[in-house]
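Please walk me through this structure, with the sequence and the model side by side. I would like an account in plain paragraphs that explains its terms as they come up.

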Amino acid sequence: MGTLHVRYPSEEIMKKERVQRIGKGFGRGVSEKALKIYFLVPTFALLLFMIIFPLIWSLYLSFTRYNAVAAAPPRFVGISNFARILSDPEVWTRFIITGKFVALAVLIEFVLGFILALLLNRNFKGKGIITTLYLLPMMFSPVVIGKFFAFIMDTNWGILNYILGLFGIPRIAWTTSYEWALYSIVITDVWMWTPFMLLLTLAGLSTVPGYLYEAAEVDRASAWFKFRYITLPHIFPLLILALLFRTMDAFRFFDIVYVLTGGGPGYSTQILPYYIYKLAFQYWHTGESCAIAYIFLIIIIALSNIYVNYLYRLRAR
Amino acid sequence: MKKLFLILMSVLLAGMMVTGVAPAQKKVTLTVTWAAWYPADYLIKLSNDFTRQNPNIKVKGAFIPWPQYHDRVFTEFASGKPSFDIAVPDSQWIGEAVEGGHLLDISDWMKKNINFDDWYEFPLRSYGEYPDYSGHWYGVPLLLDFVMCAYRKDLFNDPKEKAAFKSKYGYDLGVPKTWQELLDIARFFTRPKKNLYGFATWQAPIATAGLADVFLGPFWSMGGNLWDPRTKHVEGILNNWYGIDAAKFWVELYKTQPPGSSNYSIDETMTAMQQGLVAMIGIYAMFYPGLLDPSLSMYVDKTGFFTEPGAIGRDGVFRHFVQLGGQGLAVSAYTPYKEEALKFIKWTTTDDFLWKWTEGGNFTPKKTIVEDPAFLKKFPNAEIAKVVRESAPLLRDFWEIPQYNEMGEYLSIQLNQAILGKITPEQAMDNIAKRHEEILRRAGYYKD
């Protein structure tokens, strides 16, 4: 039996063929290198003008005193915007409010989403419809949801207080009392975004190989053992990812506060994105609003890094 | 062919010169931006008359919902190329817009075209002059607005209620003349078990359509002042005993309001009256159509209106001030159609336009219209027309400087905390005075 020789075309021939292929029709005579550049330039241009330039410009503005609607140009003031923000106790209160909101909302969404995903991760009649219904809230516009919840939670006309009244529970000023206002926006956010956690957890659960459970069955492993040593390790990276997405998203939360509480009562629900909006577009402290946005960005990047590092460590194991 | 064309053109031009026919004037469409509400639609409807008189100038509206109105207008101004030629800014925006260089200076035009004596001085200056009494003009009044009160006539006229009120307070139940009387009536009608409350008004912690708008009426009438108008200093003035009295009064008045009303703004206050939850409300007068619309209100026939009351201050002096709202017309500094815009503005100040404006149920601060005997008949609701006539000479407005939004919001937030018992009225007024001074100092109002 003779040796089978396979002749591969030389690199030069392959390159020539590629150029010829590209040369037919649109872009005739364009080399592969040029084509790459043509495709990349619009993307880079968009990135440059839509993201990189505004980032650099806003960073510059954060060190200036500037009002976007006034005639005067930006005036460099060094770090005084940052100093003022970090020394204002009312701004710190807003940081705390934001932290409370994010921690509460993400934690509740995570727990509820996880439990619901475990319940839905089995075969039963109508599973498809029920799963779809569960996912519906996150497909609505946040402003519409804010309006709905404003009606639902209205102290005098709201259906929530009506139902509570049937059980003899006195009316609660959900969106207008210090005791409840923050929880009212947490409840609204949880209603809207628990399905996101549910979806990612469900996706994670579907990747766990069935034979692992079968093997565990043979070994008469308990339900807890199966959950702890099979389910959880498989879905954990996806859960971390879901937490990362939701945390970042919760920090950007704005629409529902705008519609539901308007930051009140007092400023008890003025989370940072809402405060930045006020500073930037109502008080026109453009420089200061850029400074606080950068402080906020650094916090989000730091938090995200914790998640990402944890994810890398999990993968390394 | 070319020769023939030239000959024809020459003949045409010569013919036009001989017969005196000028080439057709350029057609212009003016865009007016305003909040999306009834008066805006009515203005555009009436502007057809203007177009009939000036066939080359059409007027169209670009209206924005109230909550987004300020932000949209100023974002467009900031771009330097707004989509409108004429704006109808709220009275307090004028400083913000003028300092930004966004409005056309019409000082000379005003002197030639407006007879100042024909107008109530305070609204004329508020809608058009900046800084106050500087002689620099940027707008003319269009829609007068002010805080007005509405009440349930059926409750006020009920003989049993009248007798019960008299036996409790010692005087007749009727439209209150002072805020102190209003508080008595509000307390009298506060009956939580019957789901009836005395009063509702804007308590939302926001600068516009919030607590500041309605608090300042009693504040001024009780003797309060926002600052020293000469030095602009606030501490010791806003938070003096008169100011604190007003804050304490406001906290007491909130106790007569429906539960959960600390975020009430336009819609919520209107709904409270429309659904019979309260006996009285305080609201900007131009929202009255919502109270007289049977498809919205269950108490159309039972709703009456009265002028925002005055008050007796701790010095025993009766003062009477009414909070100004409303909007003027101003020309964008960026429009290429300045001449046409001024022509339109001039038309809106004519008696012909303003009588039609009045017949449509809109208010004007033109004294010659409001004080004309025909005004009470021509305005669709005589009771409201009477309130307009009483309120127009009593008007006052808050800061019209660019910092008004931040100052108004801080005031609203602090008093919102006070009505909810988070801080005392004294603390609220002290905090406001301190922060207002900080804001004004940063903005460069103090030389010291």
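**A walk through the model**

B:Ser83 counts as partly exposed, because its relative accessibility is 49% (buried means under 20% relative accessible area, exposed over 50%, and partly exposed in between, with a 1.4 Å probe and protein chains only). This is a predicted model, in which local features need pLDDT of at least 70 and side-chain atom pairs count only at pLDDT 80 or more, while totals for chains, interfaces and linings use all residues. Residues are numbered from 1 along each chain as its sequence is written, chains are lettered from A and ligands numbered from 1 in the order in which they are written, and side-chain values use heavy atoms, with hydrogens and water left out.

B:Ser83 sits in the loop between H3 and strand E3 (86–87) of chain B, where helices (H or I, at least four residues) and strands (E, at least two) are DSSP runs numbered from the N terminus. Leaving out residues up to four places away in sequence, B:Ser83 touches B:Thr31 and B:Glu76, a contact being heavy atoms within 4.5 Å. B:Val98 is 15 residues from B:Ser83 in sequence, and their C-alpha atoms are 18 Å apart in space.

Another loop residue of chain B is B:Gly316, found between strand E8 (311–312) and strand E9 (318–319). B:Gly316 counts as exposed because its relative accessibility is 54%. Its C-alpha atom is separated by 9.5 Å from that of B:Met222, although the two residues are 94 residues apart along the chain.

The next topic is the interior. In soluble globular proteins, nonpolar side chains tend to be buried together. Here the largest nonpolar core has 152 residues, and those that touch the most other members are B:Trp34, B:Phe146, B:Phe215, B:Met280, B:Trp357 and B:Phe363; a nonpolar core is a set of buried Ala, Val, Leu, Ile, Met, Phe, Trp, Tyr and Cys residues joined through side-chain atoms within 4.5 Å. Strand E4 (residues 139–152) of chain B gives the most to this core, with ten residues. The core lies between domain 1 (28–145 + 325–396) and domain 2 (146–323 + 400–442) of chain B, because both domains give residues to it; the domain bounds come from an automatic or database domain assignment. For B:Trp357, the contacts beyond four places in sequence include B:Trp34, B:Leu142, B:Leu143 and B:Phe363. Apart from this core lies another, of 52 residues, among them A:Phe82, A:Val91, A:Ala250 and A:Ile256.

How do the two domains of chain B meet, and how many residues are in contact? On the domain 1 side there are 34 residues in contact with 28 residues of domain 2, and the C-alpha centres of the two domains lie 27 Å apart. Between them the domains bury about 2600 Å², 62% of it on carbon and sulfur atoms, buried area being the accessible area (1.4 Å probe) that two parts lose on being put together, summed over both. The rule finds one salt bridge across this domain interface, a salt bridge being a side-chain nitrogen of Lys or Arg within 4 Å of a carboxyl oxygen of Asp or Glu. The side chains of B:Lys153 and B:Glu383 meet in a salt bridge, at 3.5 Å from N to O. Helix H17 of chain B gives the most to the side of domain 1 that touches domain 2, with six residues.

Chain B also meets chain A, with 38 residues of chain B in contact with 31 residues of chain A. The two chains bury about 2700 Å² between them, 47% of it on carbon and sulfur atoms. In chain B, the residues that lose the most area to chain A are B:Asp71, B:Glu409 and B:Arg442, together 19% of what that side buries. Four salt bridges are found across this interface, and B:Glu409 forms a salt bridge with A:Lys278, the closest N and O atoms being 2.8 Å apart. The largest share of the side of chain B that touches chain A comes from H18(B), with eight residues.

In chain A, A:Thr261 is found in the loop between helix H11 (255–260) and helix H12 (272–282). A:Thr261 is buried, because its relative accessible area is 5%. Its contacts beyond four places in sequence include A:Ile256 and A:Thr269.
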